Structure formats: C-alpha cells, structure tokens
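Hi,

Here is the structure I promised to pass on. Have it open while you read, and my notes on what turned up follow below.

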Protein chains: 2
Amino acid sequence: MKFDLVIVGAGSGGYEAALYAHRRGMKVALIELSPESVGGNCLNRGCIPSKYMRHGAYLIEKFQKMPSYGIIPHGFDLDMQKLKENRERVILTIRESFKKFANQLKVPIFYGRGILKDEETVYVEGQDLKVKADFILLATGSSTVSVGGIVPDGKHIYDTDQIWDLDRFPKSVLIVGGGAVGVEFAYIFRMYGCEVLLVEIKDRLLPSDDIPEESSRYLARKLKKLGVDVKLKTSVESWEKTEEGLKVRLSDGSEPTVDIILLGVGRKPNTDGIGLEHLNIKRDHRGFVVVNEFCQTSIKNIYACGDITSPLMLAHKAMYEGRVAVSHILGDKDIRKDDRLMPKIIYSAYEIASIGLTEEQAEEMGYDVKVGVVSFVSNPKAMDDGENEGFVRLVIDKKSGDLLGCHILGPHAGELIHQIVHLMKADLKVDFVSKSVYSHPSLSEAIGQSAAEVYWGSLTWAKRH
Amino acid sequence: MKFDLVIVGAGSGGYEAALYAHRRGMKVALIELSPESVGGNCLNRGCIPSKYMRHGAYLIEKFQKMPSYGIIPHGFDLDMQKLKENRERVILTIRESFKKFANQLKVPIFYGRGILKDEETVYVEGQDLKVKADFILLATGSSTVSVGGIVPDGKHIYDTDQIWDLDRFPKSVLIVGGGAVGVEFAYIFRMYGCEVLLVEIKDRLLPSDDIPEESSRYLARKLKKLGVDVKLKTSVESWEKTEEGLKVRLSDGSEPTVDIILLGVGRKPNTDGIGLEHLNIKRDHRGFVVVNEFCQTSIKNIYACGDITSPLMLAHKAMYEGRVAVSHILGDKDIRKDDRLMPKIIYSAYEIASIGLTEEQAEEMGYDVKVGVVSFVSNPKAMDDGENEGFVRLVIDKKSGDLLGCHILGPHAGELIHQIVHLMKADLKVDFVSKSVYSHPSLSEAIGQSAAEVYWGSLTWAKRH
C-alpha cells in the first residue's frame, strides 16, 4: 500500500490536512488510535464539548436579562443527563460525518498507534500493518499533565479528559489554574449552579503575555459578579478526603471543602512512542518537534503540525499548519507557519479574542506604539442585545501605521477578531481599517472606531472650539 | 455665526459626519427638527428599536432549544410594557449620550427645520436663525409612504413610524410587504405570540436582485415553520372594520380578519421643503439628490448623504457617505461613494447578509462566475450553539479570482459579512480568503471553506482514487 501522503493522527490537524491534500489531488491515508478518537482532543474532549456547555451557560446567564425584553420566565430546572446526551450527540455527529466523508472520498483511516519505521513507512501497531508514502505528516497532538501532588483519579480529582464523565453537577468545585481551560469551566459550572472556587498561582487570570492585563481584569470582575470565588497568587498545598468532601489546604491558609477538583493546567506534546527516535527526528528541550516555516522536520519528507510543534496548542493552529505542510509538499511557497497570526480565543463569562502583540509586547520590541480603545458600552447593537460590556483594543505602530495586534473582549469577539486576522495577514494599515465600511448597527463598528481613534486621534482629545 | 461645515439632519449620516468632521479639526454645527428626533429614523423608529425587539424574539426562539443544554424552563409570560420601556430606554440612552457628547465637543445642534437660503446659509425655521458655513451637508433622511387605499391611521393600520406606539401585542397582524421590514416584524410578532399573516406581491420574500433567491427560500421555510402564514404573489384589495376586527380581502380571494395591519412598503427621500429649489440643486426623476462619487451635489460646496442620494436606504450607507463628503471637503480623494460595497443585513428568523453581486447579477454582467457554497449544518461552532442552519455563498470571477459578492444566511451573518467587505475593499482575491486563518471552532471557518470550494474545487467533486 503506497500513498502520496500518510498522516499520523486524525485530530484537527490531521483531519484538515487529509481533506486539503485530497482536495488538491493527493492520494492520502490517515492513521488514528481508534474509531472513538477520530477528531482528536478538540472534538472529543476539548473545544467542541466545552463550547457546547458554554453556550448552555450563556443561555442561563441570559435568563437574568430576559425581563428587559418583556419575557418573564418562570424559572427552570437543570438536567445534566440531557446536557451530556446532547453534547455527546454533537460530538458523535461530527465524528461519524467525518468518517463517512473520508470513506466517500476514499481516504482510508487505519486504526492503531502509528509508529515511524523508516522515512517512508509508518507501522500501525495492533494491526501489524505497514503504510508506505512519499510524505509523512505527524499530527499526534497532546495530552493532559498533572501538577505536584494532585493526581487526577477521575473520582475526586479530574483532568480535562475525565471531567466529561461527570453524571451530575457537583455542589462545589475547586478549579486549579486560571488559564483558558480554568476560566471556561469556572463560568460553565457557576452558571449551572455550582459553587466555584478558582485558584491561580500568578497574579492575574489568563496570565499570558499575549493577553492584555485589561482582559484579565474584566474577566475576573465578571466572574466574581457571577459568584465565582477567584483567588489569585494562590496554590493548592494539599488535600485530603473527609466525610464532607475534599478538604483542601490553600497557600493563603484557607481550608475550603469541595466536592471535586478540576485541573486545568497545561498539556504535553504526544511525541513519545511514535518512532521519532528511529529516524533521529529533532526535538527541542521541551520535547516539541523542531520544524521549519514549512512545517518540515529534520527529515525532509516528514512534516509535523499542531500541538507537537510548539506550546501554542490551538486546533486551528494545527489545521493551518496541516495546510502549510501539504502546500509545501505540493511546491507552494506562499503559505508559511506563522504563530503571530494565530488568533487566541477564550470562551468564558466573556468571549476574549487576541491576535498579534499586546501594547506591552510591542513596546518591548521597540515599536512606536499607539492604542485605540473603544468600549462596547455605547455600541448600539451590543445595547440592543443586552451585551454591551467589553472593548476593542487595537495596537498599531505609529510610524508605519502597521496593525500590530488586536484584543477584543465582548460579544462574539471570537468571530469579530477574524476581520483583523485577515487585515494583518494582508499587511493592510490602520487607515484602511478606519476607512472601511461597517454596517449599522453592528458590533463590528467598534473595530472601525478603534482604528479612527488611533488614525485620526481620539474624539475626546480632538481639537475643541 | 460662521462654521466650516453645517449639517442639515442629525440622523445616522449627519451625526457620523459631525463627529468625523470634528475629529478632523473642523468647526461644525448640526441642524435637526427637534431634540426628540436626534439620531433620526434609525435610532428612534428604525434599526435600533427593531433590533432590540428582534433580540427578544431570538431569545424566545431559544427557549425551544434550551432542553438540549439541560435547561428545562417552566414557561414564561410576556409583558409588552416592560419590553417597550426598556426599548425606549436604549433609544433614550443613545440619543442623550450623543447630545451630551456633541455639547462636550462644542458641536452645537440647532433645532428646527433647516432650509437652504443660499450657497453658504441655512435658515433654521422656528428659531429665525441663519447658520452660515463654507460647506453644507444635507442629511435629511427619508419618510414612510403608503400604498394604494391602505392609509396608516395609527389605530388599525400602522406604518413603521407608528408601530412603536402599540401598548400591547395584537392577537393577529397582517404585514403588507415581504421586504426587510416586513420579514423582520413577522419574526418579532410571531415569536411574541401573535398570529402573523405576511403578504408579498412578488413571488418571493426579500424580492431584491441583491439577495439570492436561496436566502428568500430559506427564510420563507423558516418563518412558515415558526407559524407565520406567508402568502406570495398576493396583495391586499380592500379592508373594512367589523365587529371582529379588520376584515381584509386579499387578491387570492381569501378574507382573513386581523387586529391590525402593518405596512412595510418603502420610503421616500425627504427632499421637499429644505430649499433645494432655491439653489436649483439637481434631483433625479425619482426625487433623489444627484451627487457625484464624492457626494457633491450640483452646487460645489453643498454635499448630500444617505437616504436622499439613492434608494439604498441604509444607516451605514449614510454614515459612510457622510465621511466621504467630509473627507472630500478636506481634500482627500481616496474615499469614494460606493454602493457596491454596502452590506445589506436583514434580521429576521435568520440573519441574512449580502455584499456585492449575486450569481445572477454577476452572470448578467459577463463575469465567468463560480460560486462556493458551504452550509452551516456541519459547522461545529454552529452545532455547539444549536444554530446550524444556513450557508455562506461566495461569488467569484473564475478568470481573475476577484471576489464579486458574498451572501451569508445564518448565525451572526451580520458580523461575519464584514470579513468579505474588507477583503473586497482591499481587492484581495479568493486565494487569499482560502489561505487565511480561521479559528476553530468558529462560524468564520465557513467563509474560508467557501473560498476553498471555489479555489481548489469542491471536495465532493474532487478527484477520487
């Protein structure tokens, strides 16, 4: 069996690369651990089920605003079984559609662990099968890790693989880690009626250089308002099982008791046991596969994409890199790996989207930074929707007018940010953004206004007569 | 009193132009009929209150989907008084903010009818005031019209100015006209529990060349599913008041009885009584002020924007043209009137957004048309949100790769369309759209996929092995 391309891993990256390679006329095959893991972490235990529950949480929050629309609800009950069933149904639909589609397109999926044998051969463990191809793409993704003495057991302590098994909502939960996963689950559990304690060891939620401090501050305030107990600069020192639940000792000396603990604290690349060592494929000191801008590993015809290439573990980064690899195999030079242009989107009590540099990062890099900030508070569409909280924060280089970054917190930020992704990718400048067309009323108007603020000067600072 | 610029009309166009002119250092004044009409039709009797109610309708529709998220609501009551109060509060907040802001910026608003006296003078009726300026911008907007024998009386028959006065929901309503206004109110009234009969004289809803037939079909199907009685190729022949309500005779011979009739049938430009004739400012045969690509009228220093310049009566068209006029006054040549790049967005049972040409329009113009259609049915984010209906329809020229138009029906179409607005404005081609970055999961992915469909060929038609 010889293919043009064999892809190890049918998660977001592998799946997208397979469809793209097929679209471009390649004979392609996929290798994936099992029929149940097609779609990878994102589909089965990540973004898709969490976004499903997040939409439920958003609907529950909406109840508070309904009377303003003349809708007086009589209350509601919660039914986690129904939530779980329907969440699983969405996953299953996507997974089975993909398998059916691959089958229709005659893209075979071989089930078992794929292990590199030589530069053109992947061995499929369990099936005792060798798949040969001119090119190989590694897309094996990442796994959860634990911290210190808190080891997930799926009974008291859950990681993000296990949390989906919960059959009922706990009365209370301690979430360890205020990153993307932590703040998302904090919102979900809180809206579904749980007492939530969120601890983060650093001094802010979303403690990432890519995310402006303002976003962290807004989110912490909102989560607190919704009743989440947010503790910063705090860690878990120990825990023990008692009659009442899990008694936890925190670094601030407090000793709360909770039903369960959820760990949302990072992942490691799946680079062990896939035969990298047979071919001496280079890894960096953190274990990531070293690739060039075309996603080529140290072996010319072997490519890698997604979570195994860098700590930026985003499904769409994997998908984009999958396309970069396939394009390069086909001789294209115009599409390259570019972590700078990867939007980061967090779905918590707000949607929080970031692309490019923050003000601080841009200043450190020596740009002549100017920032245009526009609030959603007075955005008419956001007011109509009862969601007028948040901001658009556009970071530009004053000298060149280049768009350096954009940070949106508020309604549908995850879709709005794409406008700036495209404009940055096209090297368009702030004057273009300020002169483009924005429908009225729309949330998008705030983007145009943020550009006007920097390009023409702030209205409030403008010349007064 | 002499200004750089005086603007007649403080609706969307005038308001935006005033802020923009101020931002760019001009001494500017506004003239508006009364303090209550600041913000114009869009704010006071158009897009803003209707989008408010539309969000309420959307929330009511969401009730049906809540059980899938484990939320079992106990039902709800409707309270139109609360809806009305809160809707009015949003309008008032926006209107008063603008007045306060104008005051802070020292942009005076003179109240009364503005009438052109000479090339540099506008007379403010009622105040017996003459305002002088080097440049004048006319932004007087449009008014409702009636059709045939159906004359709005604000009691039985309402136009879109009067409908806001309703103190309770009618049991039943006949909506005349299946254009943007008609389909929007049909959805709102239906979700708020009214029996709705929607009649349209043409053979489809949204009977506009700019909107693909597919959008009309989707919308009609959905409205019917929600219980709206949609009658196409049907007109109102007569009506009479009876004991039971208004007995209407339709062209199909049926004689339904309804509580009220709502007319959603077009508007006329406000070009009478503003002194155009004193200066011989040219109008076309339909009564629109003739302007060039810089929004200049036949008098060099007098400009016009918005509803009075063409039948494309959109708030953001007025706002954009206001900026075009001010830019031209200041010597810029790089921003021009461009109706082609004006997105049209309809908020009904779906959001329906269009930019540029439909397939049919493009073919008529001689383009070598190719269309990429991607459904939201299998879009993971749309599935997570329980809103996976609709499509992205991208129209391109095969030869050049130029983006000719895009038509989106589905969740948040009104925001998504801006990606294509910017890309068309920047003259970017379909390969750019297909190679850009889209976060996963996002609705925006469907845009990238629609470009891939046309650029690389449809997956289903792709080479099979």
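To start with a small piece: how many bridges join strand E6 (residues 114-118) of chain B to strand E7 (residues 121-124) of chain B? There are 4, and the two strands run antiparallel. Before you go further, please keep in mind that this is a predicted model.

**The hairpins in chain B**

Staying with that pair, Gly114(B) in E6(B) has Val124(B) in E7(B) as its bridge partner. The link from E6(B) to E7(B) is a hairpin with 2 residues in it. E7(B) also pairs with strand E8 (residues 129-138) of chain B, again antiparallel and again through 4 bridges. If you want a spot to click on there, try Val122(B), which sits opposite Val131(B) in E8(B). The hairpin of E7(B) and E8(B) has 4 residues between its strands, and in it Gly126(B) takes a positive phi near 90°.

**The three-stranded sheet**

Further along chain B you'll find an open sheet of 3 strands, in the order E14-E15-E16, with antiparallel pairing. Strand E14 (236-241) and strand E16 (257-258) of chain B are at its edges with a single partner strand each, so each has one side without a neighbour in the sheet. In general, strands of a sheet pair through backbone hydrogen bonds, either parallel or antiparallel. In this sheet, E14(B) is joined to strand E15 (residues 246-250) of chain B by 5 bridges, and the two run antiparallel. Ser238(B) is a handy marker here, as it stands opposite Arg249(B) in E15(B).

Chain A has an open antiparallel sheet of 3 strands in the order E14-E15-E16 too. Its edge strands are strand E14 (236-241) and strand E16 (257-258) of chain A, and each of them pairs on one side only. For chain A I looked at the E15 to E16 side: strand E15 (residues 246-250) of chain A and E16(A) are antiparallel and share 2 bridges. Leu246(A) has Val258(A) in E16(A) as its bridge partner.

**How the two chains meet**

Now for the interface. 87 residues of chain A are in contact with 87 residues of chain B. On the side of chain A that touches chain B, those residues split into 44 nonpolar, 26 polar and 17 charged. Of the interface residues of chain A, 100% are also interface residues in chain B, so the copies meet through the same surface.

Strand pairing crosses between the chains as well. Strand E3 (residues 71-73) of chain A pairs with strand E4 (residues 76-78) of chain B in the antiparallel sense, over 3 bridges. To find the place, look for Ile71(A), whose bridge partner in E4(B) is Leu78(B).

What does it take to lay chain A on chain B? A turn of 180° and a shift of 0.0 Å along the axis do it, with an RMSD of 0.0 Å. The two copies are therefore related as by a two-fold rotation axis.

**Chain A as a whole**

Chain A contains 12 helices and 24 strands. Its radius of gyration is 24 Å, close to the 23 Å that the globule rule gives for 465 residues, so chain A is as compact as a globular protein of that length. Along the principal axes, the C-alpha atoms of chain A fill a box of roughly 75 × 65 × 40 Å. Of its 465 residues, 55% count as buried. Among contacts in chain A between residues at least 6 apart in sequence, 65% join residues at least 24 apart.

Chain A is divided into domain 1 (2-143 + 268-340), domain 2 (157-265) and domain 3 (350-455). The centres of domain 1 and domain 3 of chain A, taken over C-alpha atoms, are 30 Å apart.

**One residue to look at: Lys282(A)**

Where does Lys282(A) lie? You'll find Lys282(A) in the loop between strand E18 (267-269) and strand E19 (302-304) of chain A. Lys282(A) has 13 other C-beta atoms within 10 Å, which makes it partly exposed. Leaving aside residues up to four places away in sequence, Lys282(A) touches Val290(A), Thr297(A) and Ser298(A). Lys282(A) is 161 residues from Thr121(A) in sequence, and 18 Å away from Thr121(A) in space, C-alpha to C-alpha.

Cheers

Technical notes
Residues numbered from 1 in each chain as written. Chains lettered and ligands numbered in written order. Predicted model: local features only at pLDDT ≥ 70, side-chain atom pairs only at ≥ 80, totals over all residues. Pairing = 2+ DSSP bridges. Contact = placed C-beta atoms within 7 Å. Nonpolar A, V, L, I, M, F, W, Y, C, P; charged D, E, K, R; others polar. Least-squares fit on C-alpha atoms with pLDDT ≥ 70 in both. Domains from an automatic or database assignment. Rg over C-alpha atoms; globule rule 2.2 N^0.38 Å. Buried ≥ 20, exposed ≤ 12 C-beta atoms within 10 Å, placed from the backbone.
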